[in-house]
Amino acid sequence: MKLRVTIFLIVVCLYTENVIGGSVFIYNNLHRGHYLQVHCKSGNSNLGDHVRRPGAAYSYSFTDHILGKTLYWCHLWKGKDWQDHVVIISYESKQLPHRDNWVRWSVRENGIYQNVNGEENYHFRYNWDGHV
C-alpha cells in the first residue's frame, strides 16, 4: 500500500511540475478613436476593468488547472457610452489542443475573431450581439 501511495505521489509531482500556463491577448482592432473596454474573470480571479485604445492590447497569463478545468470569460464593450457589449469565452482549456495554449482575440467593428497558438488566420467567433 505504501508503495502505491509513493508511486502516485511521484507521478502527481512530476505532472504538476510540468504544468504550463495559458495566455490570452485581446487586441483592439476597432476603427480610429474607438476605444475598447475589457473585463475578464474566472471562477477564482477577477481581473478588473481595462480600457484600450485602437492598436493596443490587453493580456493576461495564468497556470492551467491540473485537470484541464480552466475557464476565463471576458466582457467587451465598444461604442458611445459603451452601448455595444458581448461576453466571450476567452480561454477554456478543455476546448484547446494542449495545456500551454496562447489565444489571441481580434476585436473588430464587425465582430470578435480568434487565433489559437499562431494559426495562419483568425476565425470569426462572436457578433457584437453575442451570437456566433
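This passage walks through the fold, one of its strands, its aromatic pairs and its disulfide.

The model is a predicted one, and its chain has 132 residues. One helix and nine strands turn up in the chain. Going along the sequence, the order is α-β-β-β-β-β-β-β-β-β, so the helix comes ahead of the strands. Buried residues account for 33% of the chain. As for the outside, about 8300 Å² is exposed, and 53% of that comes from carbon and sulfur atoms. Contacts also say something about how the chain folds back on itself. Taking those between residues at least 6 apart in sequence, 50% link residues at least 24 apart.

Strand S4 is a handy place to look more closely. In a regular strand, side chains alternate between the two faces of the sheet. S4 shows such an alternation: on one face sit the buried side chains of Tyr58, Tyr60 and Phe62. The other face takes Ala57, Ser59, Ser61 and Thr63, and these are not buried. The strand spans residues 57-63, and a neighbour for it is found further back in the sequence. Strand S1, made of residues 21-28, pairs with S4 in the antiparallel sense, with seven bridges between the two. One of the residues involved is Ile26, whose bridge partner in S4 is Tyr58.

The buried face of S4 leads straight to the aromatic rings. The whole structure holds eight aromatic pairs. Among them is the pair of Tyr58 and Tyr60, which is tilted, with the ring centres 6.0 Å apart and 40° between the planes. Tyr58 has a relative accessible area of 5%, so this residue counts as buried, the cut-off being under 20%. Tyr60, at 8%, is buried as well. Tyr60 also pairs with Tyr72, again in a tilted arrangement, at 5.0 Å centre to centre and 45° between the planes. Because Tyr60 belongs to strand S4 and Tyr72 to strand S5 (residues 71-78), this pair ties together parts that lie 12 residues apart in sequence. Tyr72 is buried too, with a relative accessibility of 8%. Put together, Tyr58, Tyr60, Phe62, Tyr72 and Tyr91 make up one aromatic cluster.

Rings in this model also meet charged side chains. Lys78 has its charged end over the ring of Trp128, at 5.1 Å from the ring centre. A second case involves Arg108, whose charged end sits over the ring of Tyr122, 5.6 Å from the centre.

Strand S5 comes up once more with the cysteines. Searching the whole structure gives one disulfide, which joins Cys40 to Cys74 with the sulfur atoms 2.0 Å apart. Cys40 is in strand S2 (residues 36-42) and Cys74 is in S5, so the bond ties together parts that are 34 residues apart in sequence. The torsion about the S-S bond is about 105°, which means that the disulfide is right-handed. Both ends of the link are buried: Cys40 has a relative accessible area of 0%, and the value for Cys74 is 0%. Strand S5 thus holds Tyr72, a partner of Tyr60 in S4, along with Cys74, which is bonded to Cys40 in S2.

Technical notes:
Residues are numbered from 1 along each chain as its sequence is written. This is a predicted model: local features need pLDDT of at least 70, side-chain atom pairs count only at pLDDT 80 or more; totals for chains, interfaces and linings use all residues. Side-chain values use heavy atoms; hydrogens and water are left out. Rings of Phe, Tyr and Trp (its six-membered ring) pair if their centres lie within 6.5 Å; planes under 30 degrees apart count as stacked, over 60 as edge-to-face and the rest as tilted. Buried means under 20% relative accessible area, exposed over 50%, partly exposed in between (1.4 Å probe, protein chains only). Helices (H or I, at least four residues) and strands (E, at least two) are DSSP runs, numbered from the N terminus. A charge sits over a ring if NZ of Lys or CZ of Arg is within 6 Å of the ring centre and within 35 degrees of the ring normal. Two strands pair if DSSP finds at least two bridges between them. Contact means heavy atoms within 4.5 Å. Accessible areas come from the Shrake-Rupley method with a 1.4 Å probe; for residues, only the protein chains shown count as cover. A disulfide is a pair of cysteine sulfur atoms within 2.5 Å.
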